[in-house]
Every structure is written in C-alpha cells, then in structure tokens.
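This report covers how two protein chains meet each other and two DNA strands. The sequence and structure come first.

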There are 2 protein chains.
Amino acid sequence: MKKRILISDIAKALGISVTTVSFILNDKAKEKRISEALTNRVLAYVQEVGYKPNELAKSLRTGKTKIIALIIEDISNPFFANIARLIETKAYAQGYRIIYCSTDNRLDKTQELIELFYDRQVDGFIITPTVGLAPTIQRLKDHAVPLVLFDRFLADVQTNFVVADNFTGANEATTHLFEQGFERVGFVSLRSEQSQMMDRLTGYSTAVEKQAKERYTLEVATDSWEQDIQDKLADFIKEHRIDALLFATNYLAISGLKAAKAQRFKMPAMIAYDDHTLFEMYEPSISVVSQPVEEIADKLISILLNQMQGKSKSLREVVLPCQLKIRESSRFIS
Amino acid sequence: MKKRILISDIAKALGISVTTVSFILNDKAKEKRISEALTNRVLAYVQEVGYKPNELAKSLRTGKTKIIALIIEDISNPFFANIARLIETKAYAQGYRIIYCSTDNRLDKTQELIELFYDRQVDGFIITPTVGLAPTIQRLKDHAVPLVLFDRFLADVQTNFVVADNFTGANEATTHLFEQGFERVGFVSLRSEQSQMMDRLTGYSTAVEKQAKERYTLEVATDSWEQDIQDKLADFIKEHRIDALLFATNYLAISGLKAAKAQRFKMPAMIAYDDHTLFEMYEPSISVVSQPVEEIADKLISILLNQMQGKSKSLREVVLPCQLKIRESSRFIS
DNA sequence: GTGAAAGCGCTAACAC
DNA sequence: GTGTTAGCGCTTTCAC
C-alpha cells in the first residue's frame with residue numbers, strides 16, 4: 001500500500017507550516033491574508049502531488065461528515081428506489097453523500113440502524129419510520145440531529161415530514177370508481193398502523209360513506225407469504241362479488257394481478273397506489289394514484305439541508321397532492 | 001445538543017483508566033487478564049449510561065471504517081436495486097454498511113465518486129465500471145484497496161470480478177429463437193464497449209452464424225431519448241421484417257414494448273435480458289435471460305470480505321451462468 | 001502573515 | 001492487571 005500523502009508532507013516539502021497549508025486549502029487564504037504567491041505555490045504543489053485530505057480526520061475535527069443516512073423501507077421497491085435516486089442526485093450536487101439501509105418495516109432493525117448511523121456521526125437522517133419508532137426519533141430530536149420523515153409520519157412525536165395527501169388520493173380514486181358506475185368497490189391494504197395506510201383507508205371509507213355504499217376491506221398481514229396474499233385476494237373478490245378494487249400499495253396490486261393470472265379469474269376494475277412500469281404497460285393499463293416522487297425528493301433534501309445549515313428551526317410538515325392517473329383498468333364496461 | 005458521553009467519562013466515573021475501559025469494550029478483557037468483576041462492572045455501567053463509542057474516532061485510529069462503497073450504474077434500475085438489496089443484507093450481517101452512488105455510466109462521475117469514497121477511507125469497493133475506468137481502478141489496486149467489479153469487467157486491468165456468462169446467455173436465447181422456427185432474428189443493444197454488451201453481441205452473432213442466417217443489429221446510443229429509441233426500434237423491425245428480437249437490456253425491451261403500444265404495431269417474438277416484474281406479468285409473458293442475482297451478490301460480498309480480511313490475495317474472476325426463462329413471447333406461432 | 005500546539009475521541013504499545 | 005501516553009490527520013486558537 002503506497003503511503004498516502006499528508007498535509008504535513010506538503011508543509012515540509014514547501015518549508016512552511018501545516019497551519020498555512022490548511023488555511024489555504026480551506027479557502028481562508030485571504031481572510032488570513034496569506035500572500036497570493038504562496039497561496040498559488042501551495043495550490044500548485046497540492047495539485048501536482050495529488051494530495052487529498054483524509055476526510056475522516058477532517059470529520060473528527062469538524063464534527064461534520066457530509067453524509068446523510070437514508071433509512072428506507074426497501075430499496076428494491078421501485079417507489080423507494082426512484083426516490084433514493086432523486087435524493088442521491090440532489091444531495092450529491094450539494095456535496096453530500098448517501099448511506100442507505102433497508103428496514104423491512106421492522107422496528108428493531110430500524111432502531112439499530114439509526115443508532116448505528118448516529119454513532120457514525122452522519123449529518124442528517126431521512127427516514128421512513130416504522131410504528132413504534134417515536135421514542136427513538138424523540139432521542140434524535142433531543143440531540144438536535146437534523147432529520148425528516150417521509151412516506152408516513154408519527155403521531156407521537158413532532159418532526160419534519162414530507163408525505164403525500166393519502167386521504168385525498170384514496171378518496172378520489174374510490175370516488176372515481178363509483179362515478180364510473182361500479183357498485184361493490186373493495187379496498188385491499190396492509191394490516192398496519194402506519195399513517196399512510198390509515199389515511200388511505202380513511203380516504204376510501206369516507207368516499208364509500210358519501211356514496212352510501214357498502215365497505216369491503218381486506219387487510220393483509222405485512223409478513224404474509226405471496227401465495228397466501230393471492231389466495232386471500234381471490235377469496236375476497238369472489239366472496240363479496242367485488243366489481244372494483246383499490247389497492248393500497250403497488251406490490252399488493254401486483255399480487256392481485258398475479259393471483260388473477262395464476263387462478264385464472266378475471267380481475268375486476270382496479271386502481272393501484274404508486275405507479276410502476278408494469279401498470280403503464282399492462283393490458284389493460286392500470287389506473288394509479290401516483291405520488292409526486294420528484295417533489296417529495298426535492299422537499300426532503302431542501303428541508304434537511306436547511307436544518308443542517310441551521311437556517312430554519314421551525315417544523316416543516318409538508319403534504320403533497322397525489323395525482324390520479326386514469327387508465328384502462330378503471331373503465332366501466334357494462 | 002446533549003453532550004455525548006465519552007470513554008473518558010466512563011473511566012472517570014468508575015475511577016479507572018481509559019485503557020482498561022477500551023480493552024474491555026474491545027473484547028480484550030481476558031487477553032489482558034482484567035478481572036471479571038471489573039469487566040462486569042464496566043459493562044454494566046456502559047449499558048446503564050448508554051455509552052456508544054464515536055465510530056469516527058475509532059476509524060481514524062484503526063484505519064477501518066466498516067463501510068463498503070457500492071458504485072453502481074443506476075440504483076433505480078430493478079436489476080441493480082435488487083442486487084443492492086441483497087448486498088446490503090449480506091454486508092449488514094457481517095457488520096458492514098453500504099454507501100452507494102449511481103454513475104449513469106459516466107466516466108467522469110465514476111472517477112470522482114471513487115476518489116471521494118477513497119478519501120472517506122471506505123474499506124472496500126463494489127463497482128460497475130464504465131469504459132475508460134481502468135487507470136482509476138489500477139490506482140486503487142496500487143494502493144491495495146479491496147475491490148471487486150461486477151456486471152462487466154475491464155480488459156486493461158486485472159481485478160476481481162463477478163459477471164454473468166453473457167456470451168452463453170445471448171447465444172442460447174438466440175438459438176432458442178431459431179429453433180422455434182424464426183428466421184429473421186434481430187438484436188437490439190446499446191452502443192457501448194462495455195464487456196457485457198460486447199459478449200451479448202458476440203453470443204448473438206455466433207448463434208446466427210451457426211444457423212447460417214442473416215444478422216440484424218440495432219445499436220442505440222446510451223444517451224438517446226426514450227422517444228428516439230422507440231422510433232428507431234419501430235423502423236428497424238419494419239425495415240428488416242424482423243420476426244424475433246433479442247434485447248440486450250431490460251429497459252431496451254421495455255422501450256420496445258412501449259413503442260409497439262404507442263405506434264400500434266405488433267411486437268415480434270422477443271426475449272429480454274434481465275428479468276423484471278413486467279416481463280412476468282405482461283400479456284404475452286416475456287421470455288428472458290435472467291442473471292443469478294442472488295449468487296452474484298453472494299460472490300461479490302464473499303470475495304470482498306476475503307480480500308478485506310486479507311485472507312486471499314489471489315484474483316477471483318467469477319463467471320456465473322444465466323438462465324433462459326422461456327415464456328410466451330418466444331413461442332412460434334405459424 | 002505565519003507557526004506552534006492543543007485537541008477531536010479513540011486504540012494500543014509500553015511501562016509498572 | 002492497570003495506567004500513561006503517543007499518536008491517527010486534521011482544524012483552529014493564540015501567540016508572535
């Protein structure tokens with residue numbers, strides 16, 4: 001292993017002190033009124049030997065790592081992967097890097113991850129919280145760690161968050177189905193206390209009540225087997241003679257499509273939550289409630305950066321509108 | 001911000017020295033023959049006050065960060081997102097965390113990212129290299145930085161790598177199409193010198209020659225607009241009266257399906273490279289050459305860990321077989 | 001304008 | 001067995 005060149009090497013080679021080199025390297029040359037000649041000489045030499053400071057030592061000294069922790073449900077879910085991509089690009093432009101981990105929505109794992117990254121002195125957190133995470137988040141807040149939640153928020157602790165307007169999203173989707181002429185509109189969701197799931201459920205229920213129709217809901221356990229989900233779905237549809245369905249997540253909708261294909265029944269009309277290449281291309285194309293991914297990523301980064309730079313101490317609770325993309329799967333065919 | 005508790009605080013509170021605490025915390029208690037009573041007292045106190053060492057300081061001192069840099073083409077591509085997920089899980093189990101960045105296959109960005117993470121003292125690299133990256137990789141090698149490439153390798157520099165057997169994958173897919181009875185089998189690929197693209201092309205060409213048929217290839221520029229790709233594809237199919245197609249990547253195949261949908265022509269028989277939920281669910285379901293993602297991730301991590309732990313200095317060049325999943329889209333219908 | 005030196009929090013060689 | 005202390009490589013105060 002070739003030895004890395006150090007700031008002291010530079011100083012020695014140029015016959016000046018470490019301080020001077022450090023000042024010049026940290027753009028404090030004029031502030032400290034170091035001669036332009038020397039400044040240029042140092043810069044040229046640094047360039048020549050390709051010196052790069054050890055960021056670790058720098059971080060230890062400054063307390064800043066320029067790293068943001070992204071603690072996310074599942075990086076392989078396209079919805080999260082897309083957000084991750086956007087966040088990464090925006091953070092990168094500001095000189096920040098992203099360290100990520102998937103939580104699988106497991107509380108213990110999430111807590112552990114947060115502790116871990118906290119010990120690593122990350123500068124800020126972007127988190128999709130699990131139920132029960134409030135105490136952990138509160139602790140971060142106590143330590144004045146910049147953080148912002150997304151996709152869902154926690155009722156028990158006040159924090160910055162960026163979520164979609166899930167109530168309205170689900171409400172409009174449901175209403176659209178009724179307006180198309182469907183009568184028995186079901187809702188398939190996760191058995192979860194997560195805010196986004198609750199809001200979607202309430203959105204659906206409110207729409208059903210407004211239309212004075214019957215509610216049909218199926219809640220799937222988060223740790224169900226794929227096969228189990230498919231069976232439950234098939235039963236649910238048949239038993240209640242459902243003629244239209246709203247799915248609370250993209251993967252539930254995909255399970256639904258798989259069930260229909262495997263068990264050879266005709267999928268009723270449907271709308272999915274969160275867009276996916278599959279929905280766009282499927283025959284018939286699947287209507288979706290789509291979250292504004294780009295804006296979510298934008299807000300997340302800007303809120304976090306503001307906080308990290310100490311610009312704003314006020315709480316930011318951002319709720320962004322969803323977009324109902326009507327495609328073929330929600331068309332009424334009498 | 002509540003002050004973090006330090007190892008010196010522990011020592012002071014217990015009236016012992018930092019060394020002792022450090023030894024105990026680093027499992028060197030018996031090695032240094034520290035009394036069990038003291039060991040337990042320290043452990044209990046550490047537990048009680050919730051002391052956590054500053055990992056940054058630890059890293060600076062030990063030179064180990066327990067962080068692996070994942071430098072990948074595009075985290076939002078399901079193929080890479082899936083691998084990322086698997087790598088993450090396996091690394092996590094070994095106490096390593098992942099820091100990632102997407103390169104978009106741009107040389108300058110990739111170089112910059114590698115430098116950056118190198119300066120951050122990551123313990124190892126997993127990289128999908130771009131063309132022209134050899135000098136940078138060589139430099140890492142000179143500095144004895146553990147690294148392993150994947151998805152493609154570089155001819156100009158010897159390194160560990162894990163790739164799929166792209167030649168055979170493409171060859172078998174092409175042969176399968178001919179055996180089905182198709183006559184005019186085209187190949188759609190990226191205009192790129194990347195090894196995996198070249199191998200897929202050679203695999204196709206060799207199969208065509210063996211069958212003594214005509215070659216029809218379309219190479220799309222990597223920075224093309226989606227619309228442009230679709231137009232080119234439509235023209236290509238019509239002009240050569242293609243009756244079956246092999247796509248070199250999943251997104252090219254998706255562009256093909258989109259083109260067919262938008263421009264209302266019938267997609268010829270086809271096989272895509274890399275599986276995708278869409279291909280499984282599409283009507284007709286799309287045959288694919290699927291890479292063994294799980295094994296790739298396994299090999300990557302085990303090779304990298306071995307290297308990081310200094311266990312093996314020998315070069316590991318792993319080529320894993322692809323699996324041809326025959327579905328409906330490659331069926332011959334006369 | 002420039003340099004010496006203190007420390008960021010930790011590990012581990014060395015001393016006793 | 002336990003403590004003292006010298007760094008890891010950097011930034012920054014303070015002195016000149």
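A residue is near a molecule or strand if one of its heavy atoms lies within 4 Å of it. By that cut-off, of the atoms of DNA strand C within 4 Å of the protein, 64% belong to sugar or phosphate. The rest belong to bases. The model is predicted.

## DNA strand C

DNA strand C is surrounded by 25 residues. The closest are A:Thr19, A:Arg33, A:Arg61, B:Lys28 and B:Tyr51. By class, the residues of this surface are 10 nonpolar, nine polar and six charged.

Two side chains of chain B reach phosphate. An N or O atom in the side chain of B:Ser22 is 3.1 Å from a phosphate oxygen of DNA strand C. For the side chain of B:Asn26, the distance from an N or O atom to a phosphate oxygen of that strand is 3.3 Å. From chain A, a polar backbone atom of A:Arg33 is 3.5 Å from a sugar or linking oxygen of DNA strand C. Four elements give two or more residues to the surface near this strand: helix 2 (18–25) and helix 4 (55–62) of chain A, and helix 2 (18–25) and helix 4 (55–62) of chain B. Helix 4 of chain B supplies the largest share, four residues.

## DNA strand D

Around DNA strand D there are 27 residues. A:Tyr51, A:Arg61, B:Thr19, B:Arg33 and B:Arg61 come nearest. The residues of this surface divide into 11 nonpolar, 10 polar and six charged. Of the atoms of DNA strand D within 4 Å of the protein, 61% belong to sugar or phosphate, and the rest to bases.

What does the backbone of A:Ala57 approach on DNA strand D? A base nitrogen of the strand lies 3.4 Å from a backbone N or O atom of A:Ala57. A:Lys28 places a polar side-chain atom 2.7 Å from a phosphate oxygen of DNA strand D. On chain B, a polar backbone atom of B:Arg33 is 3.2 Å from a sugar or linking oxygen of DNA strand D. The elements that give two or more residues to the surface near DNA strand D are helix 2 and helix 4 of chain A, with helix 2 and helix 4 of chain B.

## The interface between chains A and B

The contact takes 56 residues from chain A and 56 residues from chain B. Together the two chains bury about 5,600 Å² between them. Carbon and sulfur atoms account for 57% of that area.

Polar links cross the interface too. There are 10 salt bridges between chain B and chain A. In one of them, the side chains of A:Arg85 and B:Asp74 meet at 2.8 Å, N to O. The count of residue pairs in polar contact between the chains is 29, with both residues at pLDDT 80 or more. On chain B, the elements giving two or more residues to the side that touches chain A include strand 1 (67–72), helix 5 (78–93), helix 11 (250–263) and helix 12 (277–281). Helix 6 of chain B gives the most, with eight residues. By class, this side of chain B has 25 nonpolar, 11 polar and 20 charged residues.

## Strand pairing across the chains

Strand 2 (residues 97–102) of chain A pairs with strand 2 of chain B. The two strands run antiparallel and are joined by three bridges. In this pairing, A:Ile98 stands opposite B:Tyr100.

## A polar cluster in chain A

Over all chains, the structure holds 30 salt bridges. One joins the side chains of A:Arg152 and A:Glu73 at 2.6 Å, N to O. This pair links distant parts of the chain, 79 residues apart. A:Arg152 is in the loop between strand 4 (147–150) and strand 5 (161–164) of chain A. A:Glu73 is in the loop between strand 1 (67–72) and helix 5 (78–93) of chain A.

Which side chains does the side chain of A:Asn105 meet in polar contacts? The side chain of A:Glu73 is one partner, at 3.1 Å. The side chain of A:Arg152 is another, at 2.8 Å. A:Asn105 is in the loop between strand 2 and helix 6 (107–119) of chain A. Leaving aside neighbours within four places in sequence, A:Asn105 is in contact with A:Glu73, A:Thr130, A:Arg152 and A:Gln194. A:Gly124 is 19 residues from A:Asn105 in sequence and 20 Å from it in space, C-alpha to C-alpha.

Note on methods
Residues numbered from 1 in each chain as written. Chains lettered and ligands numbered in written order. Predicted model: local features only at pLDDT ≥ 70, side-chain atom pairs only at ≥ 80, totals over all residues. Heavy atoms only, no water. Polar contact = N/O pair within 3.5 Å; in protein donor to acceptor, adjacent residues only side chain to side chain. Nonpolar A, V, L, I, M, F, W, Y, C, P; charged D, E, K, R; others polar. Contact = heavy atoms within 4.5 Å. Buried area = accessible area lost by both parts, 1.4 Å probe. Salt bridge = Lys/Arg side-chain N within 4 Å of Asp/Glu carboxyl O. Pairing = 2+ DSSP bridges.
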